[in-house]
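Here is a short set of exercises to work through with a structure viewer open. Try each task yourself before reading its solution.

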Amino acid sequence: MSVLKILQYPNPKLRLIAKPVNIITKEIKKLTCNMLDTMYEKEGIGLAATQVNVQLQIVVISKENFKKDHLILINPKIIEKKGNISIQEGCLSIPEYRAFIPRSDYIKVKAINLFGKEIEVEAKSILSICIQHEIDHLQGRLFIDYLSLLKRERIEKKFKKYRKKNKIS
């Protein structure tokens, strides 16, 4: 398979809302494989299709820190939330920045798998945080949106310098 290009903040395409997947095609299966390759290559623990400039409701998530045990969730929807948790989150689209973000400690998600079958996934702790983070991407939200205006302005300045230093347009 192949490694896909990950959109970098502040690319406006990261703010687009993903569309539901209606049919699981060969192209969808190939895309998920490429997304997994990309996530593992970039040492991430989750990746949304919107981050690779595909506006479809697909997320891939590593269940066991960089081991090839993963979840593929198509059209995921959180149907239950409980508790609170906050750890420093990072994002492949926002390199070199991490922040504490409030999330639900436990979630239940309804989605479709690669065989078109409806599934429910229960997640706690880091897996719960990762799924919530990736679903946010599908809705055009980034983890930095949870921060204060002052912190977001600092991040904006930092990323202007980062993009200039790394010659990213």
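The exercises below concern a predicted model, and each task is followed by a worked solution.

**Exercise 1. The overall fold**

Task: Work out how many helices and strands the protein chain has, and in which pattern they follow one another.

Solution:
- Start with the count: the protein chain holds three helices and seven strands.
- Next, walk along the sequence, and the pattern reads α-β-β-β-β-β-β-β-α-α.
- Then check the compactness: the radius of gyration is 16 Å, close to the 15 Å that the globule rule gives for 169 residues, so the protein chain is as compact as a globular protein of that length.
- For the extent, the C-alpha trace spans about 45 × 40 × 30 Å along its principal axes.

**Exercise 2. Burial, contacts and surface**

Task: Find what percentage of the 169 residues is buried, and what share of the contacts with a separation of 6 or more comes from residues 24 or more positions apart.

Solution:
- Burial first: 45% of the 169 residues are buried.
- Now take the contacts with a separation of 6 or more; residues 24 or more positions apart account for 64% of them.
- Turning to the surface, the protein chain exposes about 9,700 Å², and 53% of this area is supplied by carbon and sulfur atoms.
- Finally, the charges: there are 32 positive and 18 negative ones, and their mean positions lie 6 Å apart.

**Exercise 3. Cysteines and disulfides**

Task: Determine how many disulfides a search of the whole structure finds, and explain why Cys-33 is not bonded to Cys-130.

Solution:
- Recall the chemistry: a disulfide is a covalent bond between the sulfur atoms of two cysteines.
- The cut-off for this step is a pair of cysteine sulfur atoms within 2.5 Å.
- For Cys-33, the closest cysteine sulfur is in Cys-130, and at 18 Å it is too far for a bond.
- Cys-33 counts as partly exposed because its relative accessibility is 30%.
- Cys-91 is in no disulfide either, since the nearest cysteine sulfur, that of Cys-130, is 10 Å away.
- At 11% relative accessibility, Cys-91 counts as buried.
- The search of the whole structure therefore ends with zero disulfides.

**Exercise 4. Tyr-97 and Lys-158**

Task: Place Tyr-97 and Lys-158 in their elements, then decide whether Tyr-97 is buried or exposed.

Solution:
- Locate them: Tyr-97 is in strand β5, residues 94–103, and Lys-158 is in helix α3, residues 149–165.
- Apply the cut-off, under 20% for buried: Tyr-97 has 17% relative accessibility, so it counts as buried.
- Lys-158, at 37%, is partly exposed.
- Compare sequence with space: Lys-158 and Tyr-97 are 61 residues apart along the chain, while their C-alpha atoms are separated by 9.1 Å.
- In contrast, Tyr-97 and Asn-84 are 13 residues apart along the chain, with 22 Å between their C-alpha atoms.
- List the contacts beyond four places in sequence: Lys-158 touches Glu-96 and Tyr-97, and the partners of Tyr-97 include Glu-89, Phe-143, Leu-147 and Phe-159.

**Exercise 5. Two asparagines**

Task: Find where Asn-34 and Asn-113 lie, and which residues each is in contact with beyond four places in sequence.

Solution:
- Asn-34 belongs to helix α1, residues 26–41, and is buried at 7% relative accessibility.
- Its contacts beyond four places in sequence are Met-1, Ser-2 and Leu-4.
- Asn-113 sits in the loop between β6 (106–112) and β7 (118–124), and with a relative accessible area of 16% it is buried.
- Beyond four places in sequence, Asn-113 is in contact with Ile-24, Ile-72, Ile-74 and Ile-119.

**Exercise 6. Backbone geometry**

Task: Identify which residues a cis peptide bond joins, and what sign phi has in Glu-43 and Ser-125.

Solution:
- Begin with the background: most residues other than glycine have a negative phi, and most peptide bonds are trans.
- The cis peptide bond joins Tyr-9 and Pro-10, with omega about 10 degrees; Pro-10 is in the segment before α1.
- Phi of Glu-43 is positive, near 60 degrees.
- Glu-43 lies in the loop between α1 and β1 and is exposed, at 60% relative accessible area.
- Phi of Ser-125 is also positive, near 55 degrees.
- Ser-125 is found in helix α2, residues 125–138, and is partly exposed at 32%.

Note on methods:
Residues are numbered from 1 along each chain as its sequence is written. This is a predicted model: local features need pLDDT of at least 70, side-chain atom pairs count only at pLDDT 80 or more; totals for chains, interfaces and linings use all residues. Side-chain values use heavy atoms; hydrogens and water are left out. Helices (H or I, at least four residues) and strands (E, at least two) are DSSP runs, numbered from the N terminus. The radius of gyration is taken over C-alpha atoms; the globule rule is 2.2 Å times the number of residues to the power 0.38. Buried means under 20% relative accessible area, exposed over 50%, partly exposed in between (1.4 Å probe, protein chains only). Contact means heavy atoms within 4.5 Å. Accessible areas come from the Shrake-Rupley method with a 1.4 Å probe; for residues, only the protein chains shown count as cover. Lys and Arg count as positive and Asp and Glu as negative; His and the chain ends are not counted. The place of a charge is taken as NZ of Lys, CZ of Arg, CG of Asp or CD of Glu.
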